[in-house]
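Dear colleague,

Please find below the structure that I am handing over to you, with its sequence. My notes on what was found in it follow directly after.

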Amino acid sequence: DDKAKKPRRDVEASSSPFMPMFENFRDELDEHHDRRERVIKASRDITAASKKIIFALQRVRKLNSEIPESIAGEVLGRSKGMKAQFDTIAPDLTGLNAWRYQRQISGGIQEYMEAVSFEHYLRNQRLIPLEESSRLLPETIPLTGDDYVLGIFDLVGELMRFAITTIATTGSLPSSSPSETDENTVGSRDVLQDLRSLRASFQALDTTSCGGTGLGKDVEKKMEVMKACVEKVETAVYGLIVRGRERPKGWVPDLLDDRAPVTVESY
Amino acid sequence: DDKAKKPRRDVEASSSPFMPMFENFRDELDEHHDRRERVIKASRDITAASKKIIFALQRVRKLNSEIPESIAGEVLGRSKGMKAQFDTIAPDLTGLNAWRYQRQISGGIQEYMEAVSFEHYLRNQRLIPLEESSRLLPETIPLTGDDYVLGIFDLVGELMRFAITTIATTGSLPSSSPSETDENTVGSRDVLQDLRSLRASFQALDTTSCGGTGLGKDVEKKMEVMKACVEKVETAVYGLIVRGRERPKGWVPDLLDDRAPVTVESY
Amino acid sequence: MANVSETGMLDPRIFEDLQRKIDDDAETRDQLRAILQTIERQGRQTQSILSRAHSTPAAHLQPVLAAAEASIKEQVESIGKLSEIASKGPYYKYNGLWTRDVQNVIFAILLCGWLGGLAMEGEGEGKAAEAGKLLTIEEVGQILNVPVNLKDRDAFHITIEEYLQSLITLIEELARLAINSVTLGDYQRPLQISQFVKDVHAGFQILNLKNDSLRRRSDSIKYNVKKIEDVVYDLSLRNLVPRP
Amino acid sequence: MANVSETGMLDPRIFEDLQRKIDDDAETRDQLRAILQTIERQGRQTQSILSRAHSTPAAHLQPVLAAAEASIKEQVESIGKLSEIASKGPYYKYNGLWTRDVQNVIFAILLCGWLGGLAMEGEGEGKAAEAGKLLTIEEVGQILNVPVNLKDRDAFHITIEEYLQSLITLIEELARLAINSVTLGDYQRPLQISQFVKDVHAGFQILNLKNDSLRRRSDSIKYNVKKIEDVVYDLSLRNLVPRP
Amino acid sequence: MANVSETGMLDPRIFEDLQRKIDDDAETRDQLRAILQTIERQGRQTQSILSRAHSTPAAHLQPVLAAAEASIKEQVESIGKLSEIASKGPYYKYNGLWTRDVQNVIFAILLCGWLGGLAMEGEGEGKAAEAGKLLTIEEVGQILNVPVNLKDRDAFHITIEEYLQSLITLIEELARLAINSVTLGDYQRPLQISQFVKDVHAGFQILNLKNDSLRRRSDSIKYNVKKIEDVVYDLSLRNLVPRP
Amino acid sequence: MANVSETGMLDPRIFEDLQRKIDDDAETRDQLRAILQTIERQGRQTQSILSRAHSTPAAHLQPVLAAAEASIKEQVESIGKLSEIASKGPYYKYNGLWTRDVQNVIFAILLCGWLGGLAMEGEGEGKAAEAGKLLTIEEVGQILNVPVNLKDRDAFHITIEEYLQSLITLIEELARLAINSVTLGDYQRPLQISQFVKDVHAGFQILNLKNDSLRRRSDSIKYNVKKIEDVVYDLSLRNLVPRP
Amino acid sequence: MANVSETGMLDPRIFEDLQRKIDDDAETRDQLRAILQTIERQGRQTQSILSRAHSTPAAHLQPVLAAAEASIKEQVESIGKLSEIASKGPYYKYNGLWTRDVQNVIFAILLCGWLGGLAMEGEGEGKAAEAGKLLTIEEVGQILNVPVNLKDRDAFHITIEEYLQSLITLIEELARLAINSVTLGDYQRPLQISQFVKDVHAGFQILNLKNDSLRRRSDSIKYNVKKIEDVVYDLSLRNLVPRP
Amino acid sequence: MANVSETGMLDPRIFEDLQRKIDDDAETRDQLRAILQTIERQGRQTQSILSRAHSTPAAHLQPVLAAAEASIKEQVESIGKLSEIASKGPYYKYNGLWTRDVQNVIFAILLCGWLGGLAMEGEGEGKAAEAGKLLTIEEVGQILNVPVNLKDRDAFHITIEEYLQSLITLIEELARLAINSVTLGDYQRPLQISQFVKDVHAGFQILNLKNDSLRRRSDSIKYNVKKIEDVVYDLSLRNLVPRP
Ligand SMILES: [Mn+2]
Ligand SMILES: [Mn+2]
């Protein structure tokens, strides 16, 4: 259909000496637009798949251990689909074009970062570094610092949801050593401590030089949201403590064992 | 339906000692809201009718003479309908309530002013004064200065449309003495002169003290639109002049008689 | 104005009249702003006194109420002056300028009355009134010495909307008071507040409010009802109050 | 019309038709607004009745439910009229006008059903239904006498989105009911609510919601889950209910 | 899905249905965008052909019209596909997506018809139609093979608003054509255009338009009337056309 | 400049002068931006240190305070440089560029002082100051080594507005600290915070603020007062603190 | 102040000072607003007089210029008062309040000077000045009796930006005047305006403006240059002016 | 960063690396901004020279073209420096910073070339080139000494979009030149411009533009085509040019 139309040239047009040049431009621009459309569509699909992975992972209740099989299965399935998406657009994001469609792919990559870092955290209770995340993408697709940071910002929101939901359904804050009963084990960390580490790191990051581009544009709003998320968890933990400290006379609750040991951060 | 519900009182409510008071409040507020609704609806209808009158009047081509019968008939019909609308809400806009629903009726009255002043101008080539316009409303409904001015602001737009359309369809600027051929008759005025009078008057009006209420809110934007309207007519008249000055060799156009004598303003 | 040709289309008096109207209007606004500044300052003083109720046990409230009554009295005088200036123009023309300050005064009166101050004449003035009472709009009008809910003539008065807005503010304040009462060891007042607020809520529920500011704020009532229910729940759970 | 040359190539009916269409549209909107005002008023009445559930022990709920059912019946009639007017135009053209009011009606039905009212036909009408039940969207449609989740023709119906919005409102209301049940001395209902809300929450969790109003509101569910869990925890701690 | 209690009261199909509905909607939009891209591309082609009318004397217009008719034919086919996809959902739900492209097609048809192309059946197809003719909305619908101004059922169609928008675009194009006709030495066509545009203008003047996009654009008509009148005046002044 | 007609009426120096002024202005702004970038980075460092207070029991706070004091000392030096550059132009011309950063520094000083750091000379430097203290604007100026509330000359200084903005930020931080203190098992600090914040609130209450940013933010104080009262309520209810 | 806990850590003078500062500021603003209202009213008067230039042939302009000069003289006096009040505070703190009114005065002076009024001393006062002249910023300052482009001290003055803003307004006015001159039968003035505006444009073209309001408005210059070129084109085409 | 325990959740190097990236990026931007400021200043100079073409008869254009060529040469050098700095990062990362300035340079080259300047090598350098010529993107690249439309490697170059944007600016400038040519008595150049612009317009018509800035600006082409047609009409009507 498209090919058939190209050779046709109407009367006036054919009298214009510039038509060959413009036909060349048209082909170039069409290629560009097609690439752009493909990238936008892939970005949208990757965003949707990432969100679905995050939704699935929000059903996890245990930290620092393997993801339950049913959830892991769903995550794996969607990850494969996403990988295919990335592979199909990898040629469109090569060399010169790696940055050309940055604004189009950025949303998808950020959401992907959010999903990847969430899964990594649930498994290892650690923040995935940029290099490691970058290795999960096809080689030609670069992971920019901006996209990494913006994805991690949103990770805080997911960790908040994870923490609050876990408190709501199990009555305790997720932490690294739920089996140990000693409240002050060195090295045992809970989500709140991790959130506070993230908060401190974000606040120390100087983005004033970024201006209105990428990070600079969004960081102020994201910072406020991030702080509010951490404070929501702080308030939830406060609720746990205040409740747990009340002892009806002469009653020693064995329920206490199920509760998270809320340790004092050591730094 | 409404009456039937009032006596009913539910268990919790009936135990509340404040119920009679609240029932009284309810009735009061219902009355208020009903009135408000009626006024809003009337204002909307009046706005629509005024717009229709203005549309009809835009078919007039001659200034300072009776409106052609067909148009006058339509205008009269709609005016009667509008009068009936005003009469039905007049009791709602009486005494204390005259200002109470000002914001609701304001839009309708402004559009009404626009229509009334446009008709008055076409008939007499004069700006209708506030008192005269106010006499056209039911006695109890006040015509505020704000509404009068804002209506007249919009009149400028209609005069511009009238002028440009007349130039486009008759080739001459509407003026007070189209039959006289003498270009410099004292007392003969054209629409552009009248628009400039209006512009000068508007610009001399000091509304800085009005703040964000009524006039103050809209005046700046309306002023810009008004100035642009006058300048559009100036440009159209310029076009007439520039065209009219060109004379193909040896040809005396009798078409000239149809052209407006564009006189120099005397002040 | 001399430069508009007198034989022209435009009678110059049209614009002169308009200018006069605009100037008169500006002057009235200036006078209103001056008195409102005073009322706002006095209002802040009254609030400051009444806020002591949150840290004062009910038994020792009398001096706070006495100070609040004195402060409210000053405001009543200022409202009298406002009423005088306001009657120069149609009531609803300038109403937007003072309605917030008037709502603050009404709120102060309602709170003071609820706490047991401002005993009305029939009840034996001077003697402390019973706490937990809602002053009606008529009583508020009597205290402020202005008419209420006026319909037949155009004069300064208090509208039903203003009374209701202040009532919503009262509910917000009582929710805070319920919390602080428990801190003060008073477990009865939250119950009293709970009943009071539920009664008021039931009243609001049968009002047909349009999408205006009253409606928006009335959503806050439900939030405060829940908050007070939470306090009663906490007390019931610990058997600190009798079962209902 | 007189000045359009009658022999011209322009059919004057083109413009007459357009005018008629524009006018028809305005009239339909006016009719919709009128019936919606009635529905909103009736909705307020139903809410007011149902809110008594917070202060009525489960054993004495029957009269409240009966009153609520009667009030809902009136709304069903109004919805019938709405449906009639709405079918004058395409469903999605005017949908935005009524969706909020329809959500309110659905919420009232869901709450009434949950409390044990509105027994469906199969269950032996007249007899009180079992409490703690979620009416399905089909049952809601049956009660309202309108189709639900329509896909094959363009007529008035209830959408899934509307049903879910109402379900979120139900959860908010049940969180409040859990608190007030304890105050009433009923320690079983919080457990029942807890189970119910957890089930609904689990359902919502598998939805892939877009960034729309449904998603924004669905975020509130987890807070209500947590609040209800806190109640259950408080009761467990005091041995007022069996350990979970 | 596993964690929704299987004995729960919640029918999981509710959520599955919703998900399906959201996905269907996204897919329909994607299909619409794809066909609209084709229509837009074809539209550009048609415009490009028709723009030759500005530099082609009326006597040599036949090949241009033939090429335009062929190009329009392709668009008609695409509109057929659009209509098919569009009928999957309510007309007004997606109407905003395609209305601009549809207006472009209608404009191309109106211009081609005005220039003497697209002879309708009754007139002896194949033979060149008379120039200066306005195709009615029914004739446009016939050419496009879709219903027009539908009121009794919800299907793809052409609205009166869309027809009028295209008519305004036609007037703008004819104003340009009047100028270029003079450059081509054709002094009759400006007169023909002048009469045509005056007739359409008279028609628009009796419409009571609301403050919508149609009204805003209709204001441009008078400027085009004026521009065309200036051309006629210029020609009259030089005795190049008979006095009107 | 050569191409401006030399016989023209236009003096070319007009544009040369303007260019010079624009360039000077741009340079000053560049210098200010450079030093402000440093101050902001140092500010982040200080905040980062001070935020450890939320997870450190009061008894172990000394190292945190020592680190914060060292970090603040660096900022004081940078403020000195800022003051130098700023005095190149009128104070209020560029004030908008730095006011936010200066407010951040003041907030850090106020928080550090409240926690017991930054002991002033009279109190025996080196020794840990008493916690719960509000540094006055004069003390802040002394620490920063700049004048405060300057009225008689145009030089770099700290305005009262800036001090109060930082004070509001301090209150927000203390509300968070009250929550986290309970988590750390410290039930006394919330009481101390509650009394402190109430005192500051009482001060703000008597100010007649205009409708500016200070007024808007001062509304947040009341919100934080309530939040802290809720904490004290929770502790009182559970007998974790002595009755007042 | 009595109700701030007297043993509290809060120095009450902080709030007393702030109150005083806020009150002083409010008073200065009130004084500025009063004088600015006068200046604005006078400005309207001057504009109203100068607008007669559009309908007055150049030969009869003398009375208009005389009236304008008288009106400008009144404004000069008011600017004197403004300067006095303004020097109570830092120049840039309140500059935003008056800059628009000052720009209006400068524009009136520039237009009056361009039309041949406001002959400067050196040229023989009283005698009509040559038309088409641009007053320099120094001359404007001399007429207004205030310093210009002050850099070394903080006092009331006219900035270069204000002068250029007014110059852009002058160009907009001259574009309108070019149109109206033709209507008055004066074909020479458009040529004079064309040359003048081109010279000013050339000056602006070499300025390196930052992205501020001056840059945004300077885009309008190019638009007005084109508009005036169109007028010259119309006149040249019809042999109404000699070839350049 | 040292204070994050290494056994913690966060490897401190993660954020240190991020900070380094951000700082590097800021430095590159600063370097780019510095050279772009120079380019902008030079661009203004070139425009200023080229704008003399509007008042210079074609026969006397040679000195203007020579001056423009010299000025463009300076810009070419600056573009070389820009290219060097730009290659520190991916091309499209910073492209937004310079694209506007680069478009200005390209426009200057296109205009200069159209006027007969910048004779390419093949044509006998030094000799004046024929006027009315469109330099291709390759020729522009050759003059600027940078690659064009690069696809296989990531380096500084000129994109097709930039070339087309500059071409649209050229058309706007030529529309203005057509008007001013008539004023200068040159009736041939408008015809030459008309043909040229129509040819370019035909080219643009076959492009499939998305809703981006190129599309928005390409709408202006149609407006300029009409404006030039009006000029040709004016000349044809007066027999000032031969019939086409
Ligand atoms: Mn997320
Ligand atoms: Mn109008």
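**Metal sites in chains A and B**

A:E114 counts as buried because its relative accessibility is 4%, the cut-off for buried being under 20%. Please keep in mind throughout that this is a predicted model. A:E158 also counts as buried, because its relative accessibility is 7%.

These two glutamates coordinate the manganese ion that is ligand 1, each through OE, at 2.0 to 2.3 Å. The pair joins distant parts of the chain: A:E114 belongs to helix α6 (residues 102–124) of chain A and A:E158 to helix α8 (residues 145–170) of chain A, with their positions 44 residues apart.

What coordinates the manganese ion that is ligand 2? In that site the donors come from B:E114 (OE) and B:E158 (OE), at 2.0 to 2.3 Å. Here too the pair links distant parts of the chain, with B:E114 in helix α6 (residues 102–124) of chain B and B:E158 in helix α8 (residues 145–170) of chain B, 44 residues apart. Both B:E114 and B:E158 are buried.

**The fold of chain A**

Chain A, which carries the A:E114 and A:E158 pair, is built from 10 helices and 0 strands. Along the sequence the pattern reads α-α-α-α-α-α-α-α-α-α. Of the 267 residues in chain A, 57% are buried. Among the contacts in chain A with a separation of 6 or more, 76% are between residues 24 or more positions apart.

**The interface of chain H and chain A**

The size of an interface is often given as the accessible area lost when the parts come together. For chain H and chain A, the area buried between them is about 4,200 Å², and carbon and sulfur atoms account for 69% of it. Which residues of chain H lose the most area to chain A? They are H:M9, H:F15 and H:Y92, which together give 19% of what that side buries.

In terms of contacts, 47 residues of chain H meet 47 residues of chain A. The interface of chain H and chain A has 7 residue pairs in polar contact, both residues at pLDDT 80 or more. Four helices of chain H each supply at least two residues to the side that touches chain A: α1 (12–50), α3 (91–114), α5 (160–183) and α6 (188–205). Of the elements of chain H, α1(H) gives the most to that side, with 9 residues. By class, the side of chain H that touches chain A holds 26 nonpolar, 8 polar and 13 charged residues.

Between chain H and chain A there are 2 salt bridges. The side chains of A:E28 and H:K151 form a salt bridge, at 2.7 Å from N to O.

**The interface of chain G and chain B**

Chain G and chain B bury about 2,200 Å² between them, with 52% of that area given by carbon and sulfur atoms. On the chain G side, G:R44, G:R176 and G:R238 lose the most area to chain B, together 28% of what that side buries. The contact involves 25 residues from chain G and 25 residues from chain B.

How many salt bridges cross the interface of chain G and chain B? The count is 3 salt bridges. G:R176 and B:E231 meet through their side chains in a salt bridge, at 3.8 Å from N to O. There are also 7 residue pairs in polar contact across this interface, both residues at pLDDT 80 or more. The elements that give two or more residues to the side of chain G that touches chain B are α1 (12–50), α5 (160–183) and α7 (213–237) of chain G. That side has 9 nonpolar, 7 polar and 9 charged residues.

**A loop residue in chain C**

Finally, I draw your attention to C:T56, which sits in the loop between α1 (12–50) and α2 (62–86) of chain C. Is this residue, C:T56, buried or exposed? C:T56 is buried, because its relative accessible area is 14% and the cut-off is under 20%. The side chain of C:T56 reaches the backbone oxygen of C:R52 at 2.7 Å. Beyond its neighbours within four places in sequence, C:T56 is in contact with C:L61, C:V64, C:L184 and C:R189.

With kind regards

Technical notes. Residues are numbered from 1 along each chain as its sequence is written. Chains are lettered from A and ligands numbered from 1 in the order in which they are written. This is a predicted model: local features need pLDDT of at least 70, side-chain atom pairs count only at pLDDT 80 or more; totals for chains, interfaces and linings use all residues. Side-chain values use heavy atoms; hydrogens and water are left out. Donors are N, O and S atoms within 2.8 Å of the metal (3.2 Å for Na, K and Ca); water is not among the atoms, so sites may look incomplete. Buried means under 20% relative accessible area, exposed over 50%, partly exposed in between (1.4 Å probe, protein chains only). Contact means heavy atoms within 4.5 Å. Buried area is the accessible area (1.4 Å probe) that two parts lose on being put together, summed over both. A salt bridge is a side-chain nitrogen of Lys or Arg within 4 Å of a carboxyl oxygen of Asp or Glu. A polar contact is a pair of N or O atoms within 3.5 Å; within protein, one must be able to donate a hydrogen and the other to accept it, and residues adjacent in sequence count only if both atoms are side-chain atoms. Ala, Val, Leu, Ile, Met, Phe, Trp, Tyr, Cys and Pro count as nonpolar, Asp, Glu, Lys and Arg as charged, and the others, Gly among them, as polar.
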